[in-house]
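Trainee: Let us go through this model together. I will ask, and you reason from the structure.

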Amino acid sequence: MSQPAEASGAGSVDSSSTPSTPFQFEVIDRDNATKARLGRMRTAHGVVETPVFMPVGTAGTVKAVSQEQLEGLDARIVLGNTYHLYLRPGEDVIGSMGGLHRFMAWDRAILTDSGGYQVYSMAGLRKLTEEAVEFQSHLDGSRHRFTPERAVEIQWLLGSDISMVLDECTGYPAGEVMARQSMERTLRWARRSRDAFDRLRAKEHGAAPGTLFGIVQGGTHADLRAECAQALVETGFDGYAVGGVSVGEARPLSLAMVEAAEAHLPPDRPRYVMGVGFPEELPRYVALGVDMMDCVLPTRNGRNGYLFTSCGRLRIRQARFAADSRPVDESCGCFVCQRYSRAYLRHLFISGEMLGRTLNTYHNLFFYLDTMRRIRETIAAGGFASFLSEFVHRVQGEVP
RNA sequence: GGACAGGUGGCCGAGCGGCUAAUGGCAGCAGACUGUAAAUCUGCCGCCCCUUGUGGGCUACGGAGGUUCGAAUCCUCCCCUGUCCA
């Protein structure tokens, strides 16, 4: 079977010594005005069309929605979190249940974050050394140690389709010296992760369940981002992420960092910007050649009553919606907008009814996934650039 | 009819001589949320005025009097509520 010219997979990384994995990525079309591209990512758990938005399911659940609903949304890949699943229920439990897919009854793809973000978000509860990061559990205060090797092993046991290297998510602001130190440690950890992953894969004689992505750090310093990307590419990964973005810096800076990294990443490998973004950010990153994104905003904000619509944000709690019989978004095709009024959703939210959180989350995820669908369509059909400018403008206001 | 207990801002409920326009909680109003320590967090929440400030004025702790330099807080009477006894 011949592969498309730009197809890549673990088999092509160094096919002489490393057994192949089911993971494969091909670029199937490109936008002619921007760097946006259309791709297809094959995993052991299905094909993922890119650019893709991945709902975040930290603890083995995309909060407030069921796996059936995720399927209904046509989500093809979701995130899980190594740190959280390690603490509870534990990778041994999940392993004994046949892996995370079977455990959570989700047979589509799963990408697991390594715990690198928790290095950042739980800064007060962890200690960093060259060798490892030591966490104090937010659940019971117990102490735990994550080495890059351990993070890879846990993700392996979870059966992740795409594992992420353990990185140090650099906060903002970070001066050049600090950002470099942090980035270089992330690089050393990336190499250790790569080695650990390859050892595990060799042990399985090619039956590797997934693949491993590297993560570009470097704070808000374009030269560091570029340097990090180059070094990661030398190490060799099936995909490359840009992390440490949207941690407090202004948006143009985030975009510039992605651009700086992208310039040094191989065109035939997926690029993943971690943890973004607001709706208007999605096509902007796509225009920079980004294939994958994830963010808690649609889910967390949904639970907090903040709805994303095609004509701006809508905070369902506001008094002006108390007797508003319109749907959240008149041009939205989701079942929530087909069936329920703003007034009812407001009532549910204000009453603390859990159905409200679920419906809000479902709508927001639909909006995000539908936006990505449109992005893919416009890249394929042409007109992505005009979609981009129109969408970004339309989506940033307040809903009428 | 009698004995206790009690009446505090939209509601519940602290306070029991000055630090009290009055703790809290709820409700209400508004804001935040970016690889999820999040069904979380933050602010406002008597009325009026302005040169928007550790600014000024007014009204407020059932009602009416009183004690006191000063009362939501002490005293008297009245009204009301709850529980118990007849």
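Mentor: Start with a term: two strands pair if DSSP finds at least two bridges between them. Keep in mind that this is a predicted model.

Trainee: In what order do the eight strands of the open sheet with parallel pairing run?

Mentor: This sheet is open, and its pairing is parallel. Neighbouring strands in the sheet are turned by 25 degrees against each other on average, direction ignored. Eight strands take part, in the order β5-β15-β14-β13-β12-β11-β7-β6.

Trainee: Which strands stand at the edges of that sheet?

Mentor: Look for strands with a single partner strand. Such a strand has one side without a neighbour in the sheet, because nothing pairs with it there. The edge strands are β5 (52-55) and β6.

Trainee: Which residue of β12 stands opposite Ile162?

Mentor: Strand β11 covers residues 162-164, and β12 covers residues 211-216. The two pair in the parallel sense over three bridges. Opposite Ile162 stands Thr211.

Trainee: Which helix lies across β11 and β12?

Mentor: The helix spans residues 176-203. Its direction is at about 175 degrees to β12. That is α7.

Trainee: Now the open sheet of three strands. By how many degrees are its neighbouring strands turned on average?

Mentor: The order is β8-β9-β10, with antiparallel pairing. β8 (126-128) and β10 (143-146) each have a single partner strand, so one side of each is left without a neighbour in the sheet. With direction ignored, the average turn between neighbours is 20 degrees.

Trainee: Which residue of β9 stands opposite Arg126?

Mentor: β8 and β9 (residues 133-136) run antiparallel and are joined by three bridges. Opposite Arg126 stands Phe135.

Trainee: At what angle do the axes of α8 and α9 cross?

Mentor: Take α8 as residues 222-235 and α9 as residues 251-262. Their crossing is right-handed. Contact residues include Ala222 and Arg225 of α8, with Ala256 and Met257 of α9. The axes come within 8 Å and cross at roughly 35 degrees.

Trainee: How many charged residues does the contact of α8 with α9 have?

Mentor: Sort the contact by class. Seven residues are nonpolar and no residues are polar. The charged count is one.

Trainee: Of the 47 residues around RNA strand B, which come nearest?

Mentor: By class, this surface has 19 nonpolar, 17 polar and eleven charged residues. Elements supplying at least two residues each include β6 (77-81), β15 (292-295) and α14 (354-381). The nearest are His138, Cys169, Gly275, Val296 and Thr299.

Terms used: Residues numbered from 1 in each chain as written. Chains lettered and ligands numbered in written order. Predicted model: local features only at pLDDT ≥ 70, side-chain atom pairs only at ≥ 80, totals over all residues. Helix = DSSP H or I, 4+ residues; strand = E, 2+ residues; numbered from the N terminus. Axes fitted to C-alpha atoms, helices over the stretch in contact; angles between N-to-C directions. Left-handed = near helix turned anticlockwise from the far one by under 90°. Contact = placed C-beta atoms within 7 Å. Nonpolar A, V, L, I, M, F, W, Y, C, P; charged D, E, K, R; others polar. Near = placed C-beta within 6 Å.
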